[in-house]
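Student: Could you take me through the ligand site of this model, slowly, and then show me what sits around it?

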Amino acid sequence: MSAHPFVPLAGYREYPEDEMAARAREFHAELARRRTVRDFSSRPVPRAIIDDCLRAATTAPSGANLQPWHFVVVGDPATKRRIREAAEEEERHFYRHRAPREWLDALAPLGTDERKPFLETAPWLIAIFAQRYGRLDDGRKVKHYYPTESVGLATGMLITALHHAGLATLTHTPSPMKFLNEILGRPKAAERPFLLLVVGYPAADATVPDIGRKPLAEVVTYV
Ligand code: IYR
């Protein structure tokens with residue numbers, strides 16, 4: 001591996017403190033409007049917008065900067081249908097047999113069940129894979145570090161970017177998700193499906209559960 005030169009920190013910007021405070025406040029207000037949506041419109045979303053949001057996601061920090069992620073963006077109706085069918089099969093098993101009572105109770109306020117029509121309705125599904133290792137051009141393996149953490153960070157940035165652009169998302173985690181490797185032709189040993197992000201406009205009559213976020217005092221401790 002060749003050593004990289006160091007260059008000046010050109011992108012960093014410092015703001016006057018009052019401006020910094022306003023930016024922090026406004027950014028929170030924008031993110032606080034984000035809601036996970038389960039009712040999607042079929043209205044198309046231009047691919048260029050998805051690409052820019054993916055560019056934003058791939059700025060995430062990652063272990064040794066190895067960027068251990070792969071995003072499969074699915075717009076093809078036949079592939080979306082296959083994903084829906086496979087996910088619903090897993091979910092049927094989850095809701096009817098696999099989920100313990102305690103888990104079903106925790107999900108009750110969300111009103112979820114085994115039906116996942118949004119997997120066909122929404123214009124885009126983004127299947128996010130975490131790579132345990134990558135490959136050099138000559139085929140040799142390169143071990144990745146902290147792939148799960150890295151992909152979690154990139155996914156958070158992707159959700160933020162999509163929300164900022166004016167799109168709705170649903171973080172969907174059918175379990176197990178190995179069918180995504182099969183359907184999308186991703187290598188099974190190297191890549192683990194991390195989650196399936198449903199992306200589009202909310203349906204005109206979309207509703208969301210009346211649930212909130214824990215207050216800061218409950219989730220933050222200063223020492
Ligand atoms: N994967 C199932 C169940 C589910 C689990 C959690 I944790 C959620 O926050 C929501 C749903 C489903 O998608 O219905």
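Tutor: Here is a walk through the ligand site first, followed by the salt bridges and a few backbone details elsewhere.

Keep in mind that this is a predicted model. Start with who is standing around the ligand. The shell is made up of Arg38, Glu91, Phe94, Tyr95, Trp103, Leu107, Leu110, Thr112, Asp113, Lys116, His172 and Thr173. Sort those residues by class and you get five nonpolar, three polar and four charged. Two helices, helix 3 (77–98) and helix 4 (101–107), each put at least two residues into that shell. Helix 3 gives the largest share, with three residues.

Now for the polar atoms. Glu91 places a polar side-chain atom 3.0 Å from a nitrogen of the ligand. Lys116 also uses its side chain, with an N or O atom 2.5 Å from a ligand oxygen. With Thr173 you need to look at the backbone, where an N or O atom lies 3.2 Å from a nitrogen atom of the ligand. As for how covered the ligand is, on its own it has 370 Å² of accessible area, and the protein covers 72% of that.

Let's stay with helix 3 and turn to the salt bridges. Side chains of opposite charge can pair when their charged atoms come close. Searching the whole structure turns up 11 salt bridges. One of them joins Arg96 and Glu114, with N and O 2.7 Å apart. Arg96 is in helix 3, while Glu114 is in the loop between helix 4 and helix 5 (118–121), so this pair ties together parts 18 residues apart in sequence. The two ends sit in contrasting surroundings: Arg96 counts as exposed at 55% relative accessibility, but Glu114 counts as buried at 17%.

Compare that with Arg55 and Asp52, a salt bridge whose closest N and O atoms are 3.0 Å apart. Here both partners belong to helix 2 and are three residues apart, which means they are separated by about one helical turn. Arg55 is exposed, with a relative accessible area of 53%, and Asp52 falls just into the partly exposed class at 48%, because exposed means over 50%.

Further along the chain, Glu182 and Lys188 form another salt bridge, 2.8 Å between the closest N and O atoms. Glu182 is exposed at 55% relative accessibility, whereas Lys188 is partly exposed at 42%. Salt bridges can also share partners, and that is how Arg81, Arg84, Glu88 and Glu120 come to be joined into one network. Arg81 is worth a click while you're there. This residue is in helix 3 and is partly exposed, with 44% relative accessibility. Its C-alpha atom is 5.8 Å from that of Glu120, although the two residues are 39 apart along the chain.

Next, the backbone. Most residues other than glycine have a negative phi, and most peptide bonds are trans. Asn65 goes against that habit, with a positive phi near 55°. Gln67 does too, with phi near 50°. You'll find Asn65 in the loop between helix 2 (47–57) and strand 1 (69–74), and Gln67 is in the loop between helix 2 and strand 1 as well. Asn65 counts as exposed at 51% relative accessibility, while Gln67 is partly exposed at 35%.

The peptide bond to look for is the one from Ser175 to Pro176, which is cis, with omega near -5°. Pro176 belongs to the loop between strand 5 (168–172) and helix 7 (179–184). To find this stretch from the ligand, go back to His172 and Thr173, which are among the shell residues.

One last stop, on the surface. Leu216, Val219, Val220 and Tyr222 make up a nonpolar patch there, and together they have about 470 Å² of accessible area. Val219 is part of helix 8 (residues 216–219).

If you go back to the ligand with one thing in mind, make it the trio of polar atoms: the side chain of Glu91 facing a nitrogen at 3.0 Å, the side chain of Lys116 at 2.5 Å from an oxygen, and the backbone of Thr173 at 3.2 Å from a nitrogen.

Note on methods
Residues numbered from 1 in each chain as written. Predicted model: local features only at pLDDT ≥ 70, side-chain atom pairs only at ≥ 80, totals over all residues. Heavy atoms only, no water. Patch = residues over 30% accessible without salt bridge, like charges linked within 9 Å, V, L, I, M, F, W, Y side chains within 5 Å. Areas by Shrake-Rupley, 256 points an atom, 1.4 Å probe, with all protein chains shown as cover. Salt bridge = Lys/Arg side-chain N within 4 Å of Asp/Glu carboxyl O. Helix = DSSP H or I, 4+ residues; strand = E, 2+ residues; numbered from the N terminus. Near = heavy atom within 4 Å. Polar contact = N/O pair within 3.5 Å; in protein donor to acceptor, adjacent residues only side chain to side chain. Nonpolar A, V, L, I, M, F, W, Y, C, P; charged D, E, K, R; others polar. Buried < 20%, exposed > 50% of the residue type's maximum accessible area, 1.4 Å probe, protein only.
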